[in-house]
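I opened a fresh page for this one and wrote down what I looked up as I went. Here is the structure, so you can follow along.

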Amino acid sequence: MSVNQSLKPITTGVNNKGNITIGGCDLVDLAQKYGTPLYIIDEATLRGICKDYKNAFKDYKNIKMMYASKALCTSAITRIIDEEGFGFDTVSAGEIYTVYKSGVDMSKVLFNGNNKSRREIELALDLKVGRFSVDNFYEAELLNTIANEKGINVNILLRLTPGIECHTHEYIQTGQIDSKFGFDLTQVDKITELIKNKYTNLNLKGVHAHIGSQIFELQSFCDEIEILIREISRINQKFNLKLDEMNIGGGLGVKYTLKDNPPDVKELAKVVTEAMHKYSVDIPTIYLEPGRSIISTAGVTLYTVGSSKTVDLNGKIKKYVAVDGGMADNPRPSMYQAEYIAETVVKNEKEEEKITLAGRYCESGDILINEITLPKLDAGDLICVYNTGAYNYSMASNYNRVEKNAMVLVNNSQSDIIVNRESLDDLISHDNIPNRLRK
Ligand code: LLP
């Protein structure tokens, strides 16, 4: 079993006090020391999945692992993933800067995104980012102009839209999909011609695609690879080029609830390897850029229970229990109807009841878990929500002017702060009152 198939961090246990532990740390102690809501990242789980990927692909030397930083990008997380030997897929000046400041070899960084600004392109070039994934005609022109001004050449991949659309448990293939990302296959010849004849500061190294996220259906990767290989062969032949890189994106799913059944990383490796052998084209470098499956399982969020409310819906009793966080630290339930599991941190013999776990934000839609059965909760009880490592902190907001959570890294019974809790002064630190309004 690979780590992405686990519901909880791999070090999760219960100690002799009956409290949940992760990374050897008692969650009650962590709540006391750092306060709640608190993001917790288990280092062993994070390193575990990195090793799963490396082991699964070890016989396939052409694979280069890139972490999609958008899932969770902080300096300490970047350090760990860098130590594991991954490169980084970045999509903004902020991600590039974080990766750079964390000491990453910038030649292992890819800059991707559908509307990179001049400022971001300049920063990426100045910091010597290894590859750009060029998304559209506008960007190709702009990147070439800036590279020309700087007197440099840039290695690029072309972001393609291969016509495969993935939903969580199924996928569809269509001639052309409605996507804001990348070149349609019908535009590939035109952009290649421009690069060859006009954009002489761009070195075309290969192609890039990303077919979706939280993917359980591995066949979609085979189809993607087939399309990309076909395009590479076609481009090589028609334009007398030798493209030698193919980036197949990220997307492998994780297990948020018992219903989810994501594939083992080994199965993904098998599918990718077999697809590569099937077409026996020599593509020296294949990039994989997973985000969610690298960091999701390693993360949990710790909350404290506060108020509760019972409503009588024509005889059907519904109980809301509110915690001290919610949609600003985990927007996924309200944005995508995402489902999570949770547990009380202190194991007890209390009678169980079905509740709705609500957030503290001023919005009816701020519900973390719609229906969950837990031991009866009292104010002050601690709740652990699992699988919050990916796309939680990275999509967090200051809605209702609430300070963002702290984040701690746990490992071998040690805990370290890796993101400080925001303070009230942090919240107003970017505000400015024009002189005429000052008191
Ligand atoms: N590469 C590209 C070009 C991407 O756009 C993405 C994700 C990835 C790699 C990483 O995909 P992953 O392995 O994480 O599935 N906020 C949404 C997920 C958006 C994913 C966007 N692109 C969520 O919370 O479910």
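The entries below go through the ligand site, a small set of strands near the start of the chain, and some backbone spots.

**Entry 1: the model.** I reminded myself that this is a predicted model.

**Entry 2: the ligand and its shell.** I began with the ligand and asked which of the 18 residues around it come nearest. I found Ser213, Glu289, Arg292, Arg332 and Tyr391. I then sorted the shell by residue type and got five nonpolar, seven polar and six charged residues.

**Entry 3: polar contacts.** I looked next at oxygen atoms of the ligand. For Arg332, I read 2.6 Å between a polar side-chain atom and a ligand oxygen. Tyr391 also brings a polar side-chain atom to a ligand oxygen, at 2.7 Å. At Gly251 the partner is a polar backbone atom, 2.8 Å from an oxygen of the ligand. I then checked the cover: on its own the ligand has 590 Å² of accessible area, and the protein covers 87% of that. Where does the ligand sit? I found it in the largest pocket.

**Entry 4: a three-stranded sheet.** I turned to an open sheet with the order β1-β2-β3 and antiparallel pairing. Why is one side of β1 and of β3 left without a neighbour in the sheet? β1 (13–14) and β3 (25–26) stand at the edges and each has a single partner strand, so one side of each stays free of a neighbour there. I followed β2 (residues 20–22) to β3 and noted two bridges between these antiparallel strands. Across this pair, I saw Ile22 opposite Cys25 in β3.

**Entry 5: a cis peptide bond.** I checked omega from Thr36 to Pro37 and noted a cis bond, with a value near -5°. Pro37 belongs to the loop between α1 (27–34) and β4 (38–42).

**Entry 6: positive phi at Asn387.** I stopped at Asn387, a residue other than glycine, where phi is positive and near 65°. I placed Asn387 in the loop that runs between β21 (382–386) and β22 (406–411).

**Entry 7: the β22 and β23 hairpin.** I went on to β22 and its pairing with β23 (residues 414–419), which is antiparallel over five bridges. Here I saw Met407 standing opposite Val419 in β23. How many residues lie between the strands of this hairpin? I counted two, and I noted that Asn412 takes a positive phi near 45° in the hairpin.

Notes
Residues are numbered from 1 along each chain as its sequence is written. This is a predicted model: local features need pLDDT of at least 70, side-chain atom pairs count only at pLDDT 80 or more; totals for chains, interfaces and linings use all residues. Side-chain values use heavy atoms; hydrogens and water are left out. A residue is near a molecule or strand if one of its heavy atoms lies within 4 Å of it. A polar contact is a pair of N or O atoms within 3.5 Å; within protein, one must be able to donate a hydrogen and the other to accept it, and residues adjacent in sequence count only if both atoms are side-chain atoms. Accessible areas come from the Shrake-Rupley method with a 1.4 Å probe; for residues, only the protein chains shown count as cover. On a 1 Å grid over the protein atoms alone, a cavity is a set of points where a 1.4 Å probe fits but cannot get out, and a pocket is an open set with protein on both sides within 12 Å along at least five of seven lines; lining residues have an atom within 4 Å of a point. A molecule sits in a cavity or pocket if more than half of its atoms lie within 2 Å of its grid points. Ala, Val, Leu, Ile, Met, Phe, Trp, Tyr, Cys and Pro count as nonpolar, Asp, Glu, Lys and Arg as charged, and the others, Gly among them, as polar. Two strands pair if DSSP finds at least two bridges between them. Helices (H or I, at least four residues) and strands (E, at least two) are DSSP runs, numbered from the N terminus.
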